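Trainee: Please take one part of this model and go through it closely. I would like to know how the helices there pack, and which residues beside them deserve a second look.

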Amino acid sequence: MRRLLPAALTAVALLLTACGTGGTPQAGTAVQAATPPDDQLDTAATVDVRLVLEPTSLNIFGTSGAALDQILLDNVYQGLVTIDTNANDKIVPALATSWETSPDGLTYTFHLVRGAKFHDGSSLTSADVAWSLQQQIAPGSKAVYGANFATIDTVTAPDPATVQVRLKQRDSFLLWNLTQRGGIVYKQGTDFATLDGAENGSGPFTVAQWNRGSSITLARDENYWGAKPKVAKVVFHYITEQNAANNAQLTGQTDIQTAVDPTLLSAFAGNSGFAVLKGTTTDKFTLAFNGAQAPFTDPAVRHAIRQAINKQDVIRAYGAGLAIGSAVPPQDPWYEDLTGIDAYNPDNARKLLADAGFPNGLSLTLTVPSIYPAAISDVLVSNLKQAGITLTVQPVEFQTWLTKVFQQHDFQLSLVDHAEPRDLANYTKPGYYFGYDDKQVQDWYAQARLAATDAERDALLKRVGRQISEDAATDWLLLGQASTVVRTGVYGVPQNETSNRFNLSTVAVAK
């Protein structure tokens, strides 16, 4: 909005900060004031939002990166189902009002909402849904998460409002995968190569403008088939530097500041002009080993590095967070506190290194995107030095990280925030940049996918989470905490898992 608002909001952030040891934290309890009636809202308002990482492309079908999901999921594009981040990621209706599963678990029948339309005004029907899912599994498909739908045999549209998905085998992950970008419904015949400049989703907002390197503007679709958004426009401003982001919020250039540095929240504490919202995330700050390259092919080296790092030091440096001990956040049903595995023990870390043939220590290089706080790297340098490891930090632009580390696997150690939810599958892919290859983990994960019940699935995935920790497949420095500063008079702001989806449908502004 870029203007100060009347004092209409008196929310207080009440989250029980998840620091200290591991364990299951209480859910985020920050409370926002109830949104006023529509006649007290400025429905012509523009809301300015600070984000950190700008996407490289708007082609959500074929471009990797959570930055795309963050702005486009639920807002511009929709699937049959979505998730409620305020209810532990409960799967809820979107373009489908309801669905049934056959007794053998092989057929899913979805019933579509009536009157759904794409932004070009054409009707959205079951034929579009069937075509969209078929593109995920088509030979040579460039879909980022197409492999998630490999269990699909056929997708049919028996009538314009009904879709049937027939599976080759049970897939307990299907509904969840449909809540993510792989479940997006595109207009039949869409040329995905054109999506960077010409979206045609069915969501409540359209992409109005992209000033590369600066901002992306979404505008309300006045012909949206569902409940109309309560604001006319939302401008996402990409401000990577934390002090600059704070200044933008304090001076009215932005109304919502996401991913606030927890160490800088004091600027807003006790200020009646702002509310500080805190919530859950799936932001797993992951220290990756190049498992296909010496010395990380030796498990003793990986365990030594893990034991040399005091996760509480990292959390204090970052300002907030939770030690988790594996790649599973507490909101997942298969979460287990695994912080006791490779607990901080620098003396044993030195012994492990000596046993691995490095009695005099070793020197390693850490490649880290420059968008992350240097304080984290500083802790790693200090902690590892105590165990005899000399760490050289190599900050790079995020695009360089994507090319050098993620694609080319040219690194020793890497630090990056894996923000994607439920991404245990990364540990089942030997070709992934971790270089981790464990047949038992792959088998358990495959069995979990075939599970007949949620309880069976959850038990198997809990085994996966424990095994990757016992193998020191990577290290998990902390699970981030969502800290969002909201200007007084702005309502309905997402506060959980804001780095991988930011649903704008409830955002509103007082007159």
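Mentor: The names used below rest on one definition: helices and strands are DSSP runs, numbered from the N terminus, with at least four residues (H or I) for a helix and at least two (E) for a strand. The model is predicted.

I start with helix α7, which spans residues 346-355. Its buried residues are Pro346, Ala349, Leu352 and Leu353. These lie on the same side of α7, because the arc they cover around the axis is only 110°. The general background is that an α-helix has 3.6 residues a turn, so residues three or four places apart point the same way. On the other side of α7, Asp347 and Asp355 are exposed. The buried residues of α7 pack against three elements, namely α5 (299-308), β14 (362-369) and β15 (389-396). After α7 comes glycine 357, with a positive phi near 100°.

Of those partners, α5 can be described in more detail. The axes of α5 and α7 are 8 Å apart and the two helices pack at an angle of about 160°. An angle over 145 degrees counts as roughly antiparallel, and α5 and α7 are therefore roughly antiparallel to each other. Their crossing is left-handed. From α5, the contact takes in Ala300, Val301, His303, Ala304, Gln307 and Ala308. From α7, the residues that meet them are Pro346, Asn348, Ala349, Leu352 and Leu353. By class, this contact between α5 and α7 has 8 nonpolar residues, 3 polar and no charged ones. Pro346, Ala349, Leu352 and Leu353 thus appear both among the α7 residues that meet α5 and as the buried residues of α7.

Helix α5 also holds arginine 306. Is this arginine buried or exposed? Arginine 306 counts as buried because its relative accessibility is 1%, and the cut-off for buried is under 20%. Leaving out neighbours within four places in sequence, arginine 306 is in contact with Phe289, Lys311, Gly325, Ile341, Asp342, Ser469, Ala472, Thr474, Asp475 and Trp476. Two aspartates, Asp342 and Asp475, are among these contacts.

The loop between β13 (284-289) and α5 contains proline 295. The peptide bond that joins alanine 294 to proline 295 is cis, with omega about 5°. As a general matter, most residues other than glycine have a negative phi, and most peptide bonds are trans.

Next is the pair α6 and α8. Helix α6 covers residues 311-318 and helix α8 covers residues 374-386; their axes come within 8 Å and cross at roughly 155°. That angle makes α6 roughly antiparallel to α8. The crossing in which α6 passes α8 is right-handed, whereas that of α5 and α7 is left-handed. In α6, Asp313, Val314, Ala317 and Tyr318 meet Ala375, Ile376, Val379 and Asn383 in α8. The contact of α6 with α8 has 6 nonpolar residues, 1 polar and 1 charged.

The loop between β14 and α8 holds isoleucine 371. With a relative accessibility of 24%, isoleucine 371 counts as partly exposed. Not counting residues up to four places away in sequence, isoleucine 371 touches Leu53, Thr240 and Phe398.

A further helix pair is α10 (residues 439-450) and α11 (residues 454-470), with axes that come within 8 Å and cross at roughly 160°. These two helices are therefore roughly antiparallel to each other, and their crossing is left-handed. Val441, Trp444, Tyr445, Gln447 and Ala448 on the α10 side meet Arg457, Leu460, Leu461, Arg463, Val464, Gln467 and Ile468 on the α11 side. The contact of α10 with α11 divides into 8 nonpolar, 2 polar and 2 charged residues.

Ahead of α10, arginine 422 sits in the loop between β16 (413-418) and α10. Its phi is near 45°, a positive value in a residue other than glycine. Aspartate 89 also has a positive phi, near 65°. Aspartate 89 lies in the loop between β2 (81-84) and β3 (90-93), and at a relative accessible area of 3% it is buried.

Notes
Residues are numbered from 1 along each chain as its sequence is written. This is a predicted model: local features need pLDDT of at least 70, side-chain atom pairs count only at pLDDT 80 or more; totals for chains, interfaces and linings use all residues. Side-chain values use heavy atoms; hydrogens and water are left out. Axes are lines fitted to C-alpha atoms, for helices over the stretch in contact, and angles run from 0 to 180 degrees between N-to-C directions. Angles under 35 degrees count as roughly parallel, over 145 as roughly antiparallel, 65 to 115 as roughly perpendicular and the rest as oblique. A crossing is left-handed if the near helix is turned anticlockwise from the far one by less than a right angle, and right-handed if clockwise. Contact means heavy atoms within 4.5 Å. Ala, Val, Leu, Ile, Met, Phe, Trp, Tyr, Cys and Pro count as nonpolar, Asp, Glu, Lys and Arg as charged, and the others, Gly among them, as polar. Buried means under 20% relative accessible area, exposed over 50%, partly exposed in between (1.4 Å probe, protein chains only). The arc is that of the directions from the helix axis to the C-beta atoms.
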